Amino acid sequence: MPVATTSVTVDETPLVLHLLRRADDALILGHRLSEWTGNAPTLEEDLALANIALDLIGQARALYDHAGAQCGLDEDQLAYRRDARQYRNLLIAEQPNGDFACTIARQVLYAAFIDPYWRAAMSSTDATIAAIAAKAEKETAYHLRHSAEWLIRLGDGTEESHRRAQAGLEEMWPFTGEFFEVDAPDQALIDAGIIPDPAELHDGWSSRIDAILARATLARPRDGWMQTGGRSGRHSEHLGHILAELQYLQRSHPGAKW
Amino acid sequence: MTEAPTPLWEVFVRSRNGLAHKHAGSVHAADAQMALQAARDVYTRRGEGLSVWVVPSSAITASDPADREMLFEPTGSKIYRHPTFYEVPDEVGHM
């Protein structure tokens, strides 16, 4: 007997696939950061993390909207009606927050990649992507500054904050290889000038991270085995838990509106 | 939160060009750079600002409330200091 599902089917052209990858990164990381609301170490940082979360969720909405226009679905269907295997986000986005230092380390690593990515995407031949990139870049530039300043102070702070910052960095490092992956669908978009080539952003990312770590007196983790799979829907166990919470309402009442 | 590692900073926000910075509130932060970021994150979330200042709260010297009568009451009887005794010609319009 066939099992009924409330999941949508998405026609993943290269453009739709890439838009979903970037949108899912922003939504899932934004959701993770939103988990700090009410729990951050200080009131000021509670708001700062919520601000970053809202920036990311706003970016996700714009990207889902653009993806949906290509495949005949709306942003809610794309966010709430795909299961974990259909999610295309980087694995780093779904990793648990850990302690504050771990969250900050994750944010630095991601922001140092995505900010130059959006800057490069501002010259996309797709006018909508160029416009989304121009808005997103202003936001991610601040995310990078804010999280880097924190990492520098945690690393160069007390013995405990240094230890936690180093541990957070080690925890998140194996997920950074995925930033720079390029597969056939992405390569087609790169060749058409629609998206930047992430591989070309690697050296800039690497030297930027080195500069931050030097000021933070933190050691750069060794490039060992890099985790991969998020881009093709192979996720860690954590994503399913996020989606269970995120999608509950739309799964129970498909199409429900406020 | 203890005061020692993260002292208090007063936040001033300027909402438009040509206006003065106005006191908005305060934040706790480890240093000036972090105080500026905290001020941005706490006090400019709804488009309130074009410029932010932070000042260590400890750098402010305040008048003593006990001196209030001595400092401020003598001006109460000097209404001629207010420019309210001039006839403003209609042609001037709103001043």
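These legends go with a set of close-up views of a predicted model.

**View 1. Helix α2 of chain A and the glycine that follows.** Let's start with α2, which covers residues 43-71 of chain A. With 29 residues at 1.5 Å each, this helix should span 42 Å, and its end C-alpha atoms do sit 42 Å apart, so the two figures agree. Look just past the end of α2(A) and you'll meet A:G72, whose phi is positive, at about 75 degrees.

**View 2. Helix α6 of chain A and its bend.** Here we have residues 127-155 of chain A, 29 residues in a helix. From first C-alpha to last, α6 reaches 41 Å, close to the expected 42 Å. Where does α6(A) bend? Find A:E137: the helix turns there by about 30 degrees.

**View 3. The largest nonpolar core.** This core has 86 residues, and five of them touch the most other members: A:A23, A:L63, A:A105, A:V108 and A:L151. Which helix gives the most to the core? That would be α5 of chain A (residues 100-121), with 15 residues. As a rule, nonpolar side chains in soluble globular proteins tend to be buried together.

**View 4. A:L151 and its contacts.** Zoom in on A:L151, one of the five core residues that touch the most other members. Leaving out residues up to four places away in sequence, A:L151 touches A:I104, A:A105 and A:V108, along with A:A165, A:I212 and A:A216. Two of these partners, A:A105 and A:V108, are also on that list of five.

**View 5. A:T217 in a loop of chain A.** You'll find A:T217 in the loop that runs between α9 (202-216) and α10 (237-252). Its phi is near 55 degrees, a positive value in a residue that isn't glycine. Is A:T217 buried, exposed or partly exposed? A:T217 has 13 other C-beta atoms within 10 Å, so it counts as partly exposed.

**View 6. Chain B from end to end.** Now for chain B, with its 2 helices and 3 strands. Starting at the N terminus, the order is β-β-α-β-α. A compact globule of 95 residues would have a radius of gyration near 12 Å, but chain B comes out at 20 Å. Along the principal axes, its C-alpha atoms fill a box of roughly 55 × 40 × 15 Å. Buried residues account for 19% of the 95 in this chain. Among chain B contacts between residues at least 6 apart in sequence, 47% link residues at least 24 apart.

Note on methods. Residues are numbered from 1 along each chain as its sequence is written. Chains are lettered from A and ligands numbered from 1 in the order in which they are written. This is a predicted model: local features need pLDDT of at least 70, side-chain atom pairs count only at pLDDT 80 or more; totals for chains, interfaces and linings use all residues. Helices (H or I, at least four residues) and strands (E, at least two) are DSSP runs, numbered from the N terminus. The expected span of a helix is 1.5 Å times one less than its number of residues. The bend at a residue is the angle between axes fitted to the seven residues ending there and the seven starting there. A residue is buried if 20 or more other C-beta atoms lie within 10 Å of its own, exposed if 12 or fewer, and partly exposed in between; C-beta atoms are placed from the backbone. A nonpolar core is a set of buried Ala, Val, Leu, Ile, Met, Phe, Trp, Tyr and Cys residues joined through C-beta atoms within 7 Å. Two residues are in contact if their C-beta atoms, placed from the backbone, lie within 7 Å. The radius of gyration is taken over C-alpha atoms; the globule rule is 2.2 Å times the number of residues to the power 0.38.
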